[in-house]
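Student: I am new to this structure and would be grateful for a close look at a single part of it. Please take one residue as the point of departure and then connect it with its surroundings.

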Amino acid sequence: MRIVLLICSIVLIFQSHLFAQDTNSQEKIHFTDFYISAGYRNQPYKELNNYLSGQGYQTFEKQTATLGGGISYVAMSRLGLFAEADFNLNKKRFSNDYVNYRYLPIHVTAGIQYHWKNSLTKDWRFYPKVGLYYGTTSLDLIAKDLNNDFNENLMGNMNTSFLYQRNLGLNLSLNADKLLGAFLKPTTQVGVYSRMGLQVGYMLNLYSSVTKLRRNFSPDLRKDLIISNAPAFDPSAFYVKLNFAIGKFEKSSE
């Protein structure tokens, strides 16, 4: 909560300062783009890694590179929407004498953004993003000494486990974009552009569900079991990434 209040205060201070610089602008632009991203994330999964270490398992790396993508829309009011997701590139598969195991975090963020048009310099834009992320973090374990006896499998001696938690939280970031190039068709006032942006943010986990064991992926047969005494699969993370976007814009004048 303190992080949220701090970022909101910073946003309001910048908004009041930069809005005053732009009141004389008569041009209005709204734009839509698709962007790809590459960056760095510190996602420790601290409680899960502590549990794995205590049981003699190799822990997952908390430092990771990321690849991702998203879509962005900003209206003439400068208020916009966005949706984005990233994929961790660190090693996710490990093994010991008994099992092969891996983890897989999948989270998607959607939210709002506010752009200060032509703030500070003509080709730069500075803005915050506030989003809500939702997804799952799973831990899969596959026995090396698989039980291939029919009777044992009928008795429920499982060879694999798919454990997962659902996650819900805030994704907060500050952004700076540099316009790389733009072309406007005068007759229609519609153009295309490209931009590169720096995004610095934090994923703050607010809720993790109980841990469940998925016994079947068919909706007709699925009845997941609640697992007790499980550590939290907490995807909270600090991140930095570069975004490269291509999109279109429409321009109007008062």
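Which residues does proline 44 touch, not counting residues up to four places away in sequence?

Tutor: The model is a predicted one, and the description below should be read with that in mind. Leaving aside residues up to four places away in sequence, proline 44 touches Asn49, Lys62 and Ser236. Proline 44 is located in the loop that runs between strand 1 (27–42) and helix 2. Its relative accessibility is 28%, so proline 44 counts as partly exposed; the cut-offs that apply are under 20% for buried and over 50% for exposed. Another part of the chain can be related to this loop by distance: the C-alpha atom of proline 44 is separated by 9.9 Å from that of phenylalanine 233, although the two residues are 189 residues apart along the chain.

The next residue to consider is tyrosine 45, which is also found in the loop between strand 1 and helix 2. The backbone of tyrosine 45 has a positive phi of about 45 degrees, although tyrosine 45 is not a glycine. With a relative accessibility of 2%, tyrosine 45 counts as buried, whereas proline 44 counts as partly exposed. Tyrosine 45 also belongs to a cluster that ring pairs link together, with Tyr57, Phe60, Phe94, Tyr101 and Tyr103 as the other members.

A positive phi is also found at asparagine 229, where the angle is about 60 degrees although this residue is not a glycine either. Asparagine 229 lies in the loop between strand 10 (225–227) and strand 11. Because its relative accessibility is 73%, asparagine 229 counts as exposed, while tyrosine 45, at 2%, counts as buried.

From the loop, the chain can be followed into helix 2, and there a pocket comes into view. Helix 2 (46–54) and strand 6 (124–143) each supply at least two residues of the lining of the second largest pocket. The largest share of that lining is from helix 2, which provides three residues. In total, 15 residues line this pocket, and those nearest its centre are Tyr51, Leu139, Leu141, Leu163 and Pro231. The lining contains eleven nonpolar and four polar residues, with no charged residues. The space in the second largest pocket is about 250 Å³.

On the other side of the loop in sequence is strand 1, which takes part in an aromatic pair. The count of aromatic pairs comes to ten. In one of them, phenylalanine 31 and tyrosine 193 meet edge-to-face, at 5.8 Å centre to centre and with 85 degrees between the planes. This pair links distant parts of the chain, since phenylalanine 31 is in strand 1 and tyrosine 193 is in strand 8 (residues 190–208), 162 residues apart. Phenylalanine 31, at 7% relative accessibility, counts as buried. Tyrosine 193 likewise counts as buried, at 8% relative accessibility.

Rings also meet charged side chains in this model. Lysine 92 lies over the face of phenylalanine 87, at 4.3 Å from the ring centre. Similarly, the charged end of lysine 129 sits over the ring of phenylalanine 82, at 4.7 Å from the centre of that ring.

Enclosed space is a further topic. A search of the whole structure finds one cavity of 30 Å³ or more. The largest cavity holds about 110 Å³ of space. Its lining consists of 14 residues, of which Arg41, Asp86, His107, Thr109 and Met203 lie nearest the centre. Strand 3 (79–88), strand 5 (99–114) and strand 11 (237–253) each supply at least two residues of this lining, and strand 5 gives the most, with four residues. By class, the lining of the largest cavity has six nonpolar, four polar and four charged residues, whereas that of the second largest pocket has no charged residues.

These details can finally be placed within the whole chain. The chain has three helices and eleven strands, which follow one another along the sequence in the pattern α-β-α-β-β-β-β-β-α-β-β-β-β-β. Of the 254 residues in the chain, 39% are buried. Among contacts with a separation of 6 or more, 74% are between residues 24 or more positions apart.

Conventions. Residues numbered from 1 in each chain as written. Predicted model: local features only at pLDDT ≥ 70, side-chain atom pairs only at ≥ 80, totals over all residues. Heavy atoms only, no water. 1 Å grid on protein atoms, 1.4 Å probe; cavity = no way out; pocket = protein on both sides within 12 Å on 5 of 7 lines; lining within 4 Å. Points joined across faces, edges and corners; volume = space filled by probe spheres on them. Nonpolar A, V, L, I, M, F, W, Y, C, P; charged D, E, K, R; others polar. Buried < 20%, exposed > 50% of the residue type's maximum accessible area, 1.4 Å probe, protein only. Contact = heavy atoms within 4.5 Å. Phe/Tyr/Trp six-rings, centres within 6.5 Å; stacked < 30°, edge-to-face > 60°. Lys NZ or Arg CZ within 6 Å of the ring centre and 35° of its normal.
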